[in-house]
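Good morning, colleagues. I shall speak briefly about internal space, core packing and one hairpin, and I invite you to follow along in the viewer.

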Amino acid sequence: MNLFGESHSQGIGVVCDGLEPGFLLDLDRLQALMDRRAPGGAYRSSRREKDQIEVLSGLFQGRTTGTPLALLIRNQDARSKDYEALRDLPRPGHADLTGHYRYGGFQDYRGGGHFSGRLTAPLCAGGGIALQILEARGIHIGAHIYKLKEAYDTAFDPVHLKREDLEGPRQRDLATLSQEAGETFKKIISQAQREGDSVGGLIEVGVLGLEPGLGDPIFSGLESRLAQMIFAIPGVKGLEFGNGFAATDLYGSQNNDDFYLAEGKIKTSTNHHGGILGGISSGMPLIFRGAIKPTPSIGKVEKTVNLRTLEETDLRIGGRHDPSIVLRALPVFEAATAWVLLDLIYGGGSHGRY
């Protein structure tokens, strides 16, 4: 998978290579996934983008051809003038300063350019194709907001996870398992928005239907490959599988999962390992969580340095921004997870196809 475009360029897109030929792609379902990620609506940026997918190649009579599939999403509501004053003023928490160092000032600074969360739209489109292919193979992926600031939702059941648990959050406003948690999250976001601030949180992902034996040790392990992809999502600052960091509070006797036989299959009575042992799927539900930082674009006055004059100055960021990017990142996590799993199923090596 290769992404192209910038936040304020004519368009953004993705080229997906290595897809199996003959798969009947449901473009309406793919667009529905895009709509979950799109801006606009409550608790989101007011930037109005339809994120309508245009197929340029790789699809004929509704089916994948096996050649590179190219998708284009046109930018229709960019307001580049909002960023003129920021040309020489790197925004705290953004990649403006590091991008300036890396590209010598020639990068597209408008809306964050190629560093922008806008690039998660084509990532979502490409991974959305993988989601459909995996579902046809009996593999299902879902995510919910597990934590927002200091408040928690109910966690996925790591042992008895069901398909309805993965699909249920999509029916709620803020994609939670618990209705009560959703109402609490709304209050947290609304307060941050009123104060010109933002909040971050944790997204929990669950996968059902993975057969044991997928993945390889070290560089091609499930954790390794998923980590590479998940950390490519702007704003992600942490990742844990299974018990994750909580395992540091336990003895080995508490953290190990005992094996037992059930209908001729070896399972574990608990799932502290999150469905992965030695970089290889165990056959238990795959469970992991990703930490997303608060949206760096806020309405409060911050400190920065003018790149041209090298003088310290105050900065207040204008424009249209999300009070929390956690909400819109959910389908991106699902799509990114799907692409990694499909690539491994196809036999992608340590470098993969993305």
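Let me begin with the largest cavity, whose lining consists of Leu86, Arg87, Leu89, Pro90, Asp96, Gln107, Tyr109 and Leu307. Please bear in mind that this is a predicted model. The space inside the largest cavity is about 60 Å³. As for the character of its lining, 5 residues are nonpolar, 1 is polar and 2 are charged. In total, the model has 3 cavities of 30 Å³ or more.

I turn next to the packing of nonpolar residues. In soluble globular proteins, nonpolar side chains tend to be buried together. Here, the largest nonpolar core comprises 70 residues, and those with the most contacts inside it are Ile129, Ile203, Phe333 and Leu341. Which helix contributes the largest share of this core? That is helix α8, spanning residues 326-345, which supplies 14 residues. A second core, separate from the largest one, has 5 residues, among them Phe156, Leu161, Leu166 and Leu208.

Let us look more closely at Ile129. Leaving aside residues up to four places away in sequence, Ile129 is in contact with Cys16, Leu19, Leu25, Leu30, Leu69 and Leu71.

Finally, the hairpin. Strand β11, residues 259-262, pairs with strand β12, residues 265-268, in the antiparallel sense, over 4 bridges. One of the bridge partnerships joins Ala262 to Lys265 in β12. Between the two strands of this hairpin lie 2 residues, and in the turn Glu263 adopts a positive phi of about 55°.

Thank you; I welcome your comments.

Conventions. Residues numbered from 1 in each chain as written. Predicted model: local features only at pLDDT ≥ 70, side-chain atom pairs only at ≥ 80, totals over all residues. Heavy atoms only, no water. 1 Å grid on protein atoms, 1.4 Å probe; cavity = no way out; pocket = protein on both sides within 12 Å on 5 of 7 lines; lining within 4 Å. Points joined across faces, edges and corners; volume = space filled by probe spheres on them. Nonpolar A, V, L, I, M, F, W, Y, C, P; charged D, E, K, R; others polar. Core = buried A, V, L, I, M, F, W, Y, C linked by side-chain atoms within 4.5 Å. Buried < 20%, exposed > 50% of the residue type's maximum accessible area, 1.4 Å probe, protein only. Contact = heavy atoms within 4.5 Å. Pairing = 2+ DSSP bridges.
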